[in-house]
Each structure stands twice: as C-alpha cells, then as structure tokens.
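Thanks for coming. I will take the chain contacts and then two smaller items. Please keep the model open while I talk.

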There are 4 protein chains.
Amino acid sequence: MWGRTDLIDETEEMVQHRIKKEKDVLKESEGIMFEESRDGAVLITSIEVDENGEKKIGKKKGKYITLTDLTVNPDDEESFKQLEKMFVQKLEEMHANLNLTKSSKVLIIGLGNSTITPDAIGPKAIEYLQSSSLSQQVDNVKVVMYAPGVTGQTGFETSDFVEAISNAFNPDLIIVLDALAARNSERLCKTIQLTNTGIHPGSGVGNQRKEISEEAYGVPVTAIGIPMVVDGPVLYADAMEHVIHYIGSKIEEKGSPSSALAVTPMVSSKKSSIDTKVLQPIFGEWVTWSTDEKRKLFEEVFVGKNPSLFVTPKETDAWVDHYAYLLSTGIESWITSR
Amino acid sequence: MWGRTDLIDETEEMVQHRIKKEKDVLKESEGIMFEESRDGAVLITSIEVDENGEKKIGKKKGKYITLTDLTVNPDDEESFKQLEKMFVQKLEEMHANLNLTKSSKVLIIGLGNSTITPDAIGPKAIEYLQSSSLSQQVDNVKVVMYAPGVTGQTGFETSDFVEAISNAFNPDLIIVLDALAARNSERLCKTIQLTNTGIHPGSGVGNQRKEISEEAYGVPVTAIGIPMVVDGPVLYADAMEHVIHYIGSKIEEKGSPSSALAVTPMVSSKKSSIDTKVLQPIFGEWVTWSTDEKRKLFEEVFVGKNPSLFVTPKETDAWVDHYAYLLSTGIESWITSR
Amino acid sequence: MWGRTDLIDETEEMVQHRIKKEKDVLKESEGIMFEESRDGAVLITSIEVDENGEKKIGKKKGKYITLTDLTVNPDDEESFKQLEKMFVQKLEEMHANLNLTKSSKVLIIGLGNSTITPDAIGPKAIEYLQSSSLSQQVDNVKVVMYAPGVTGQTGFETSDFVEAISNAFNPDLIIVLDALAARNSERLCKTIQLTNTGIHPGSGVGNQRKEISEEAYGVPVTAIGIPMVVDGPVLYADAMEHVIHYIGSKIEEKGSPSSALAVTPMVSSKKSSIDTKVLQPIFGEWVTWSTDEKRKLFEEVFVGKNPSLFVTPKETDAWVDHYAYLLSTGIESWITSR
Amino acid sequence: MWGRTDLIDETEEMVQHRIKKEKDVLKESEGIMFEESRDGAVLITSIEVDENGEKKIGKKKGKYITLTDLTVNPDDEESFKQLEKMFVQKLEEMHANLNLTKSSKVLIIGLGNSTITPDAIGPKAIEYLQSSSLSQQVDNVKVVMYAPGVTGQTGFETSDFVEAISNAFNPDLIIVLDALAARNSERLCKTIQLTNTGIHPGSGVGNQRKEISEEAYGVPVTAIGIPMVVDGPVLYADAMEHVIHYIGSKIEEKGSPSSALAVTPMVSSKKSSIDTKVLQPIFGEWVTWSTDEKRKLFEEVFVGKNPSLFVTPKETDAWVDHYAYLLSTGIESWITSR
C-alpha cells in the first residue's frame, strides 16, 4: 500500500500535531490524546485515539506507546539496556488495567518469516523466550510461546493459528511481536511501538490478513513492533523532498539550526515551511505540490516496479538479533516480576 | 525407560520371530503379520499387529513398515535417492485405504527440538516443506505444515497443539515426523519407520506426553520416524553381550558366518545360541543370565547417572539434514502426484 | 564512494556505448572491445579493456564477462540451471589461455561477511564447496577453499590473508567470489560478473582495501561477483530520473515502446533523450542538469546520512542461498570436468 | 586410537598418582609436578611434565592446567561465570613468563568443524570473538582471529594454515581453541584444559595432523580445549568396570561413601581395590584382568565397528554455545585487561 506506515507516530496528522503545537486543542476536537516526554536519549510518545480520532487519522482507537532512540546502534549495549528498562515500564503501564496476577495466562506470538532477515524479529524473540526462564514455567505464571511462521510457509492463516491456540489455551493476554514498516528511514531500528489495538499479520510486507485483536478473539491483544523496512517509493519521495528542502535552506541561509540539533530529529526540518518562490526556478511547479501529491506521482511511476525491493540498514542481522533479545528479556522481566 | 526402543523391528518378539523362522505359526497364534523383503540394499519389513499381538509385544495394534539400508552414508546420494523412492511407495501403500483425493487436506507436523541436533529432523523437514511447492498450494491439495517445538520450549503440550490446529483445519490425514530412539546402535540413521498407530511426542527422549493418534483425534495419523539416538545403558548392555558372544564364537571357532555376511545384519550373530559352559570360566555365572536380566543390572547401576548422555553418529548434522530433505521431498512427491 | 558500481556494464561509457550503437568505432578509438549476445533469457556481455580503455572508463584493463537474466527469481529453478550452465561455459572461456591441467592447483576464496545477509554470498558458496566433491580432492586436482571473513572481524587484511595462503599453497589460479554493489536496482540479483582484473575486498560496502589481483600476487586472479546491494543516494537519484522521464514520455506520448518491451531492459528508456523544454515548467532548471550533476547534488545532500542504509530485495536470504549454490556447483562442474 | 584421551588428567599415571597419594615422591622420580586445589565447585589441577615425565606418561613436556566443575550445567549461568573468572586467572598464570605488553600481537585460532556440533566450539568461539571488542583493535593490542575449518573441508592442512598466517602476521603468542576427546564420560563438558604444549588438529576425532606448537613455529602456542566426546569402546569398557565394581561394593556392603560424596568424583570409586574373590563366581576370571587388558578386549571386539559413533550429552548444542561464549569473553577480558 502506498505511503503505508505501521507507526502511528508517522501518520500525517501526528506530524502536523506536533508541528502546530496545538496538542490540547487537537485532543478535544479530534479525539486524540497526545503526550510526549524524554528520558535520556529516549523520546516517549503516548497516544490515545478514540472513535473520533480513528476516523480522522485512520488508526484504530486504542493506546499507542512509542519509544524512540535515534542514537542507538548495534554496538551500543548501554543504550539497549536503557531501552529495555523503559520497555518493561511501558509493558507495565500498557497492562495496568488488566489486573494480571501470578496465575494469569499469557500467549506470546512471534510473527514473521524467519528466513527473511528483517522479518525475523518475532521468530527470533520467541527463540530467545523459549530458552528463557519462562519456558520453565516458574510459580503459577503460565506462558505459551509460538512463532507460527507466515501463511505462505505454513499454508494456514496466521490469525487462524493464533485463534486456534488461544481457544485451546484460553489466555488472559496475547502479546504479538512483529517487524514493522516505517515511512521514514531514520526510524528504522530506532523505535519500539506498543499498542493494544492488535495487528494485521503480514501488513508489514504488503498483504492483508485477518486481524489479531481483542475484537477478533475476545482476549486483550498487545502488539509490539520494531520498524525494520521502508518501501522503495516512499523512500524515493522523501529523498526528493529532502533534496528540495536542502536547496531551499541553502538559499535562505539564515543560520537555522541543523537537523542534527533539532529536538525531535525524526520530525526533521524538511517539514518546516520553505519559500517555494526561491525554489521554483530550480525545481519548477513541482515544488509547489503537496507532499501527498508528490508521493502519488512516485506511486504511479513505480507501481509494480521492483515490488520486492526494500531498504534496510546494512547491519540488519545484528539489529534483528539485538531487538529480539531486548524484547525477550524485557517480556521475561515483566512477567516474572509480577 | 529401560530397554526402550521406538522401532517395532527391535522388540524382543520380533527378533525371536525372525530367528525361529516360525513366521506363519506366530502370525496366527500371536496376532502378528510379518513380511520381509529386500530391494537392492534396502530391507523392507511390514508388520501388522492386532489386539492379540498388541498384548504380546507391547506395541499398538496397527501397521508398521520399516525401510532399512545399513550401507547408506551421508555422502551417498544414490542410496538416499533409492530410499526416497521406496519411501514414496510405502507412503502410497500405507494410505491406500484412505481414498485421499486432490481435495483432501493434510496436516504435517514436525516434532522435536530444533536446538538439539539429533532431535531436529522433524523441524528441519518442515523447514524444507515450507519452502517446497507444497507451500504454494497447487491444485486443490490443501497442506498445512508446522514444527511446534517441544513442550519444554513452548509451554504447551505438543499433542494439545496438534489437536488445536487439527480442530481448526479439519484435515483428512495427519502426518507426524519425528526422531526416534533405537536399541541397536547399528540402526542409527539407517532406518525409516512408518506406522498408522500414532506417536507419543517426546517418547524418544524419555518423557511421556499425550498420544497423537487416530484414537485421540478421530483423524488418521501416520507417524514417520528415523532412529537418531541410543540411550547409554542400552548400549552398554548390548556392548557387553557383544563381547561375550565374540569370545564365545572365538572359542567355538566353527567357521560360523561372520556378521558381515548375515542376511539381516541388524539381527546379528550375537543372538545365536552360544554354549555358555565354555564361557562360564571366563565370565562367570553372569553369562547364564538372560539378556533381560543383564539389562536390568545395567539399568540398576546406571539409573540417574548421566541421564542426558546419548550416542549419535559423528556426522549427526549431515544425517539430520539428509533425512529431513528425504522426508520433505518424499512427502512432496507423494502429495503432488496424487 | 558516490555513484559507485562494481559492474563494468553500468559505467556511463558502457551505457553510452550501447545507446550510440557505435560499438565498432568505440572499440578502436577507445580501447574497448564490446560484444553482446543473447541466449534464451540471458544477455551475455563480453568486454575487453586495454590501457586506453582503462583511462577512458576508469575500469582496469582486462576481460569482463557478464551474464544477466532479468527474469530470474528465487522460485525459478529452471532459470538458475540455465544460468549455471552458461556460467560454466564462461569459466571455461575466461580461463582458456591458462592451460590448466588436472594437476593445476586452484585457490578459491569467498569474500564477505557471513553475518550480513547480502554480503554472505562468498562465505556461503565456500560452505557449499567445502561439502562438495572438491573437498574430497579427486584425481590430481588440488583445490583449497577458504572464506576468510572481513578485516573488521578477523583483524587481518583480507588481501594479506589471500597472499599468505597463496604463498603457502602456490596455486595456478585464484578464484575470488564476492557480493557486488550495483547502481541500478533492477540488476540486483540478476547478474553474474566474471573478470580477470581482480578485486578490492570490501569495495562493495564502501571501504577500500588492498587489491587481490595478478599484479599483486603474480598468480592469475578471477573475480566472480553478484550485485546484491544498491547504495541509497544512487537509488534516489536514479528514482528521480525515472520520474522525470516518466513525465516526459507521458507528455510526448508518441507510442514509444514501454520499457517492459525493450530488448535490454536494464538500459531502460530513461536514458533516451527527452525534450527538456516540455519538462522545464514542471521540474525547472533541474531537468537540464546532467545525470552526473544531479547525482552530485544527491551526494551532497545525503553525505553522512544513514551511511549504513542499503536497498536489497525482500527475498535476499533466498537469493544469497541460490547464487551461493549456483557458484559452488558451477565451479565444481568446471574443475571436475577438466 | 584406543584408550585415547586428550586430557592429561585422565592418563593412567595421573590417576595412579592421585590414588597413591605419593605426589612428592612421584614428582622427583618421574619428572611430574602435580598440584591440586579447589575453589568452590571448581577443581584446579596444575601439572608440569619434564623430559622424564614425558617418557613416563606419553604426554609432552610442558605445563597443563585443568579446571573441572562436575556440577555445572547449561542452565547454570552462575557456575559458568565462576569458571570464566578462573579461566581468566589461569590465562594470566599460563602466560606470566611471556611478558606480553599492550603492543604484543596475538593470533587466535578456533579449530574444528563447524558443521559437527560437538566439534564446533573453536569456530563458534571465534565467531563470538569476531563480534567482540577485540575485532575493534583498541589500543595497541593487535589480535587476529580465524576459524580455518578442517582439512577435509578446506583441502589445506590446518597446521599449514596456521603457519602461513603466523608467518604473515608474526604474533607473539598463538592461542588455539579446540574440542577434545575424553576417556571418562563424566568429564564431558565439565573441564577446561590449558596447555603450552600445543595441539594436533583433528586428534580429537581420530586423525593425526601436523602439530601446532612452539617447536613447529617458533612462537609460543597455548592450546585450550573442552572435552566434548567419548569414543564408544572406551565408554563400554568403563561401563563394564562400573558394573563389576557396583556388584563388588554391594557384596562388600561396608558403608563405603557413595561416589556422589567422593571428593574427586571423576576419580570415582571404581578405581578402589575390590576383593576379586567375591566377584569371580559372578564375573569369572575376567574380573581379575587389569583395566588395560579389559580395554584391549573391547578394542579387539569393536575395532572397525561403528567407528563414527560417539557419545555426547543431549544438550550438546547448548554446551557448545556456552563454552564458546565463555572462551571468547574470557580471552577478551584477559587481552583487554593487560
């Protein structure tokens, strides 16, 4: 799907939201509750969407939490530990109202295709969990863990799989781990998103499947994801925007702070208004088009071309391993500490 | 369990059976139908056990087919191809009465722990199947394939897993792939056993689980296994038997055929009667004990000792890969050729 | 490095070459011998560069052969077999003048980092070779095979590694297998390049190392590579070109053949001349810039940004496995058939 | 080879040594310096062999240190940490006289076949080292790390490989990591042996190769190994001994301490003298044979039989991973702390 992102934080409205600094106003009028804070290098965004908000931004009503550390890298053990600590806190926060006890049953599902590296976070996290203390079922906590693979491997709808196991095990909570698609390549491998709105298996790679959600099964579902890929056309459009604004800012040359110093770098300077007049001689009418119009052009040009190309970090294998481990140890900590 | 083997062909009665050459007599009196033939290097044993037979030999009533090629080795592509061809024939033979059609649904389950090499045949076969043509669901054949892992990893009884998926998918046949335990180290990686009597997941590594069988689910279950491990004490007892009979045959020195020339080498010369009188001075009373009594002594001595030791071929990794591939391509051929 | 490609076929001159249809003229004037043919779906390009040519196009003098099949995909066993067959022919052709005999010694080196999927073709091919018949050293053919990893893992310059083993083993030929960078994303995983000009280990991921070449060691070196990655900025610039030409062709609308029907699709219609006048109102002056100037702008904008992002096909893991196998079996065939 | 062990601690003399409690006497007369201590669960044995000792026990003159913790198991993180700590101390002790500085160069080689699980400790340790801080070459410490594979894969003698790299890199110390064979199955995965006497690659799986040692290269070589396999016949003979002594002790029934309580359980009660008179009626003359004579009988019986069978723990995969990690982090700590 065009312009697709699995991150609520990247929806156009959320971006506008932030830029306009009209959070409180938006909240009441649009049905979106928005909170942002920072802890060290980690930016924490909490968003609650209600029925009105759902219509506005096209994201299901419910709670979304994102943890973003744009400085983290695969060799940086310390930042991963910090992220994990905050992840455990957010797991607690997300499930506070569920009143889980030591005897509650949790079903953990790692979605994704283990033979496609950037899609393997879910299966790899389950692998770690299956050799963790959770597999030894201490106390009365009952945890069941599966990586069902994808429908194209198993022949069975993943959501039907989850439903079958859920019916047999009867859990109090389902946690679903998955790789996500992002719109902004800067966020690849830098964000963890938690949401209680469920997930469509396979949506991260372009095919719609039945939903895994509380509505579908009658059991609370928490989806946890990491953005691992960007679709080509999205990237191209954003790259061109980048170039235009770079030229624009060069022309304006007003000592504006570089994007490196921006407080929220993933909402980068390219979104700020630029005088299109100075750019038109160089880039023509095109520069006056909206972001959306430009994206549509790229969509039209590239439709069906290299549908299977995507952009990932060079160190994807290392990122996947690190986040799979982070998710597994974070979930283990949270479950065993209850 | 002591003296345990997953191979019907190794039960004491089957061994006696063969030695006494009283096949027809046994058949009628004991409820066991026994057929043996040879095709090239492959020995084919077909055994049918009825209620009477079940009581006699402690193996469930039903059909058992074993294909044994004692000459096969991991570098020997030709023998594997031959084994695969016969495996496809036996799949056809085993399921002849089920009247499967192109629209029949098959659930294939690979049992075992993928992180323990000799136990990984099932999961690895599923991996191959999931990237075979079966995952593309040609025609109307509907195949669903899973490697659920073991209960100690997932927290869920494997038989409950199979039941849950079976209820949701409603297959006409369940095929279960697994690594087996053998009593005789010479059969390791040399035999394929097919049976319609089902399987106890994990029985190959010493813990009893709920049965996966037609009785349990109301769906025909075909279990296919390869012996990959021998338990230590079984091996020690048999090794000592070997030594005693070696000495015995040296003493008798009557030009008896060497085991290398025996027609059915896995029922080796050590089972032939030896004059215990000549052996008693050397090995004492002990030599007069029955095989069973000797095994019980070894069991008593080694109980609880190194329970986690087992014997495997040096090239286990290669054997596992080869048999997983053989099973996957054999099953793929059989299903797509219907 | 900007605009970098490891494929001679993608150098600006080669592209011009083809478009101008002035092959014979170019050949004599520029020191480049160019031949192109087609066999089924496979486009075969043979290029010989001499000293003059080297200065012109910045590619080392020597022989380059590329096999390109734009229709191949990971599920398409038949095309891979066809590619392998032609690869063996080209191995023979490339080495015809070396007079290798059954007693010649060959050192095969698989370059790359096995922990970065698209860089793992070399190591994985060696893995296959090490379990092939070549590891059994039939006849007098002596083959030594290593995957040394990358300097950032081992601490040792890869070219020093090859030199050390070469000095100790004293081969008649060194074959080096590696993943390459391409400029054109359409060629990813679709081309095999053979050259006798050697290779710079790690050049495909942006860092220069000492050369592995006949000049360096005094032993003929054949480098064989598959393009597996495209650098982000290259891709962005080409994507923008694509958009501009798409608009241009829409405006002209003269029934030109779609790129899908072009004989050599990787030299796509975007290279054909377009009337910039009709495009200038839309895209401004920018459209009149040369490809090179546009690329330089992208380079400037993106320098230091996401240096570690790259573009790969979704099925990279499958492509890597297939090409590693193709290279191993092709080389095995060629060596054992001599 | 019969009765073979890679552990000096298991040689008949060492065992006698300990039993006779004649350490000081032996030391002077036999050229063996023997020290034993205990730190928590870890038994530390330091042995120095001189020329006289070498002749006596058939182990090369030099220093041997073994760390043995019979209680360790793959889930026991704490014991592994303790073992690692002591391993670092012993690395320091073993190399005290080499006067290594921050600018000393170290070549680390992981021997073994990564495709045979119990033989993969060396390659896997190198994998960990290659992603450790050592691959970033901090300070002036120069470390080069390779897992060359085995001759049967690469076509090149492993010792020639080490020599070639050693000549090119010119290290001050070579550390060689390898899986070992043990005689006593109780020691599998429970012991780390360090020695400055070098190693024969492949000796752990039955084939002799050129030695990797200071004598061979003129560079100090420290070999570090973990026993991972026991050969079948050794095991059978010891199992029978076990049975005989079990019966013997039952007959004597003098409240002797069970082997579970013995101070050094790997020198188990089976070595204590037992009154053969009471055993002779049961086991015959056989019981009066020496351990050596019995082993020779087993050797004779089993020669050529199942040469490729061996005994490993069920959790081999987990043990290999844990020890590979222990070796890598231990060596990393030691090198970076200098």
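To compare copies, they are superposed by least squares on the C-alpha atoms of residues with pLDDT of at least 70 in both. This is a predicted model, in which local features need pLDDT of at least 70 and side-chain atom pairs count only at pLDDT 80 or more, while totals for chains, interfaces and linings use all residues. Residues are numbered from 1 along each chain as its sequence is written, chains are lettered from A and ligands numbered from 1 in the order in which they are written, and side-chain values use heavy atoms, with hydrogens and water left out.

I start with chains D and B. A turn of 180 degrees and a shift of 0.1 Å along the axis lay chain D on chain B with an RMSD of 0.2 Å. That is the relation of a two-fold axis. Within chain D, the residue that comes closest to the rotation axis is Gly284(D), with its C-alpha at 1.8 Å.

Now the contact itself, where contact means heavy atoms within 4.5 Å. Chain D puts in 41 residues and chain B 43 residues. Of the interface residues of chain D, 100% are also interface residues in chain B, so the copies meet through the same surface.

The size of an interface is often given as the accessible area lost when the parts come together. Here, buried area is the accessible area (1.4 Å probe) that two parts lose on being put together, summed over both. For chain D and chain B that area is about 3,700 Å², with 62% from carbon and sulfur atoms. Between these two chains there are zero salt bridges, a salt bridge being a side-chain nitrogen of Lys or Arg within 4 Å of a carboxyl oxygen of Asp or Glu. Three residue pairs are in polar contact, both residues at pLDDT 80 or more. A polar contact is a pair of N or O atoms within 3.5 Å; within protein, one must be able to donate a hydrogen and the other to accept it, and residues adjacent in sequence count only if both atoms are side-chain atoms.

Which elements of chain D supply at least two residues each of the side that touches chain B? They are helix H9 (232-252), helix H10 (276-283), helix H11 (291-302) and strand S9 (309-313). Helices (H or I, at least four residues) and strands (E, at least two) are DSSP runs, numbered from the N terminus. H9(D) gives the most to that side, with eight residues.

Next, chains B and A. Chain B superposes on chain A with an RMSD of 0.1 Å after a rotation of 179 degrees and 0.0 Å of shift along its axis. The C-alpha of chain B nearest the axis belongs to Ala164(B), 2.8 Å from it. This contact takes 19 residues from each of chain B and chain A. About 1,600 Å² is buried between them, 60% of it on carbon and sulfur atoms. Chain B and chain A have zero salt bridges between them and four residue pairs in polar contact, both at pLDDT 80 or more. On the side of chain B that touches chain A, strand S5 (142-146), helix H6 (151-154) and helix H7 (158-169) each supply at least two residues.

Salt bridges do occur in the model, 26 over all chains. One of them joins Glu211(A) to Lys60(A), with the closest N and O atoms 3.3 Å apart. The two residues are 151 residues apart in the chain.

Last, a hairpin in chain C. Strands S1 (residues 32-39) and S2 (residues 42-49) of chain C run antiparallel and are joined by eight bridges; two strands pair if DSSP finds at least two bridges between them. Phe34(C) has Ile47(C) as its bridge partner in S2(C). Two residues lie between the strands, and Gly40(C) in the turn has a positive phi of about 65 degrees.
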